[in-house]
Amino acid sequence: MDFLILNDLRKLYGSAVAVEQFDLRMSRGEFVSFLGPSGSGKTTTMRMVAGFENPDRGTIVLDGMDITNLQPNKRKVGMVFQSYALFPHLTVRDNIGFGLMLSKMPKAEIGKRVDEMLGLIQMTELGQRFPSQLSGGQQQRVALARAIAPRPQVLLLDEPLSALDAKIRVGLRAEIRAIQQALGITTIYVTHDQEEAMSLSDRVVVMSHGRVEQVGTPYAIYNTPATTFVAGFVGTLNVLQGTLTQTGGDTLRIGSTNVRLATKMEGRKADSLIKFQLRPEAITPHPVTDLPGNPALNYLNARVEGVTFLGAVVRMRVNVNDSPLSVDTFNNPRMPPPQKGDTVQLAFDPGACMSVAAV
Amino acid sequence: MSSKNNPITYWVAVAIVTICALYLIVPLLTQFDFSLRMKRDVLSLDAYVSVFTTKPNAVDPPKFYTSLLFSAGMAVLTIAFSLLVIVPTTFWVNYRLPKFKPVMDLFSVMPFAIPGIVLAFGYLRTYTSPPLALTNTDAGTAFLLVGGYTVGVMPYVYRSVDTGLRAIDIRTLTEAARSLGAGWATVIWKVIMPNLRAAVISASLITFAVAVGEYTLANFLFPDERAFGSYIAAIGRNRIFEPAALTIISYLLVWACVLAVQRIGRGSTQTQTAVIR
C-alpha cells in the first residue's frame, strides 16, 4: 500500500512554474531521491511535503491522511537541512531532545531517547557540546539525530551533504543509508549529485524544469534512461553518429567501419544520419595489434588524446572520426594504459548503443 | 606592515580613545566632585543623604524612592511591551515579508521626527475624552505612558532586534523548529529569542535608560512629579547639590542594570542547556 502519495502537485512563483504535474507514490520505508540540476523543482517539491510551501494544485496524502493544508508542525515530518540548522544556543543533547520536549514526552524518556540517538550517531561523548564546538560532519549527524528522534513518519533530507568535504560526504552517506534502513523510515533525499542519489536510493526521481523526467531504480535510470535529459544528466554519455547503410537496417557506417545497433531503424532511409549514445564504461579499448576477436562486438579505431589515471579507473579521451569520446576502463597493473597519440581499437556491444531517437 | 604594528596608527588610536573617554568621564567626575561639596570646604555625602531622606511630608516615603520605583516600573513595562510587539513583528517581516523591510525601516525612524511634546499633546487630546478617556485613571494614563515610551524607543529596539535577526539564519532555524513540532510562539520564544540575547539586552538597556529619565511625556501625563524625570527636574529647580548627586545615582543605576541584565541573560542560557540530562 502507498504510504506517501504526491498527486499532481503544481507550484508557481508568480508566472514561473517551479513544479508541474508531479506524481509519486512511495511505500513505507522506501528511500527516494529527487535528482536534478538547480531550478528543477526538487527542493520546492520537498518543501511542499514539509509544509513550508503550499501547492497551487494537487494533494499530499500521508498514511491515508490528506496533509496538503496541514501546518508543518502537525505533519510528523522530520527534516535535515543543508546548513545543519542546529540551534546554536542549545547543546547537542538539547538539540536532539528539542522535538521530544515539544511532544510533551516525560523527561526521563527524553533522556533515554536522546542517549539512544547519540549512540546511533556515535557521539555519546559529545552530548554537552554546543554546535559551534563540532565539525561539519558531526553537526550534520546531530541534525539527523534531531530529525529522527521524534520518530517522524517521513524524513526529508535537503542536500544534507553538500557543505561537507568529499571524504566525510562518502562516510556520512553510508551512515545515513544504514540508519534509514535500520529504522525503516520513509525518506526523501534531495540532491544534485547523481552518485549520491544512485548509491543511496531505492528509487530516483529525475527532475528538470519542474517536471518529472523519470522515476525508477538507479539501475533502470542509468541503463534505460527514459528521456534525452535523463541520459545526459545521469552519468556521462558519448554521442556518435553514422549513416544508415540500408533502409530500416541496423547498421551504421562510421568512417570506413560498420557499426551494428541492437535494434533496426524502422522507417529510416538508407544514408540518413543516425546518432547513438554510449556510456564510457561500455567501451573496451584494445591495442590495434589485437585482431577483432569477437564478431558479436563492434570495433572502431580511435586516436588517444588524453589519459587520466584515477586509481581503480583509467579515463581516456579519444577521437573517433572527429567525434570526441570518453572511455573508462579498469586499471590493469599488467597492461599500462595507452599514451597520448596512440591508436586503439574500441570494442562495444550493439546492445550498449542507445539511440538518441529512442531516448 | 599592518596597522596593528604601526606605532603611529597605534598612538593615534590610543589618543582618540582617550579623548572620547575623557569627554565622557570628565563631566561625570566634576559632577561627582560637585555633589560632594554640599558642606563648605568639606567633602561629604550630605547631598546623597538629602536625596535619600527628604520626604514631602512626615508620612510619605522619600520621593526619590517612589519616583524611581514608578519610572523603573514603567521602564520594565515598556521593555516587556516593546519586545512583545517589536520582536515578533521584526521576525515576521524578516521571515515572511522581506518586501516590507524598507517600509518597516522607514516606519521605525519616524519617532525621531515626532517631538515628545507633540506626542504628549496628541495623547492628551485623543485620550482625555470619551470614548477613549484613558487619562481618567492612573492605570489608563500609565498605559499611555508605556505606549508613548514604546513609540519613543522603537528606533533603538527595532534596529537592535533587526541586527540580531540578520546575524542568525532565521529561515532555516524557524523551519527546523517547525518541522520538529514547534508552533509560532515556541519558535519565537525558544529558538529566536535565545539567539537574540545580546540584541534584546542592548534594546532593554536603552529602553530602561530612556524610560527612567524621560521627562516630557511623564510630566504631561503625570504632572504630580510622580516620574523620576519630573522629580529630577523639580529638584533641579529648587536645590543646588542634590541634582548632581541624582545624576551620579542615575548613572550607577544604569550600570547596575547592565550587569543585572547580562547576568540574567547568561543564567537563562545555562538553565536552558541544563534541561536535558
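This briefing covers chain A, its interface with chain B, and one loop residue of chain B. The model is predicted. Chain A and chain B bury about 2400 Å² between them. A single rule-based salt bridge crosses that interface. In chain A, 50% of the 359 residues are buried.

**Chain A overall**

- Chain A contains 8 helices and 20 strands.
- The C-alpha trace of chain A spans about 80 × 50 × 35 Å along its principal axes.
- Buried residues account for 50% of chain A, which has 359 residues.
- Take the contacts in chain A between residues at least 6 apart in sequence: 65% of them join residues at least 24 apart.
- The exposed area of chain A is about 16400 Å², with 51% of it supplied by carbon and sulfur atoms.

**Interface of chain A and chain B: extent**

- On chain A, 32 residues are in contact with chain B; on chain B, 26 residues are in contact with chain A.
- Carbon and sulfur atoms give 63% of the roughly stated buried area, about 2400 Å².

**Interface of chain A and chain B: polar and charged pairs**

- The rule finds 1 salt bridge across the interface.
- Its partners are Arg47(A) and Glu175(B).
- The closest N and O atoms of Arg47(A) and Glu175(B) are 2.6 Å apart.
- The interface also has 6 residue pairs in polar contact, both residues at pLDDT 80 or more.

**Interface: the side of chain A**

- Four elements of chain A each give two or more residues to the side that touches chain B: β6 (77-80), α2 (92-102), α3 (107-120) and α4 (136-148).
- The largest share comes from α2(A), with 7 residues.
- By residue class, the side of chain A that touches chain B divides into 18 nonpolar, 9 polar and 5 charged residues.

**Ser44(B)**

- Ser44(B) sits in the loop between α1 (7-35) and α2 (46-53) of chain B.
- Is Ser44(B) buried or exposed? Ser44(B) counts as buried because its relative accessible area is 11%, under the 20% cut-off.
- The side chain of Ser44(B) reaches the backbone nitrogen of Asp46(B) at 3.4 Å.
- Asp46(B) is the residue at which α2 (46-53) of chain B begins.
- Beyond its neighbours within four places in sequence, Ser44(B) is in contact with Ser35(B), Leu36(B) and Lys39(B).
- One of these contacts, Ser35(B), is the last residue of α1 (7-35) of chain B.

Terms used
Residues are numbered from 1 along each chain as its sequence is written. Chains are lettered from A and ligands numbered from 1 in the order in which they are written. This is a predicted model: local features need pLDDT of at least 70, side-chain atom pairs count only at pLDDT 80 or more; totals for chains, interfaces and linings use all residues. Side-chain values use heavy atoms; hydrogens and water are left out. Contact means heavy atoms within 4.5 Å. Buried area is the accessible area (1.4 Å probe) that two parts lose on being put together, summed over both. A salt bridge is a side-chain nitrogen of Lys or Arg within 4 Å of a carboxyl oxygen of Asp or Glu. A polar contact is a pair of N or O atoms within 3.5 Å; within protein, one must be able to donate a hydrogen and the other to accept it, and residues adjacent in sequence count only if both atoms are side-chain atoms. Ala, Val, Leu, Ile, Met, Phe, Trp, Tyr, Cys and Pro count as nonpolar, Asp, Glu, Lys and Arg as charged, and the others, Gly among them, as polar. Buried means under 20% relative accessible area, exposed over 50%, partly exposed in between (1.4 Å probe, protein chains only). Accessible areas come from the Shrake-Rupley method with a 1.4 Å probe; for residues, only the protein chains shown count as cover.
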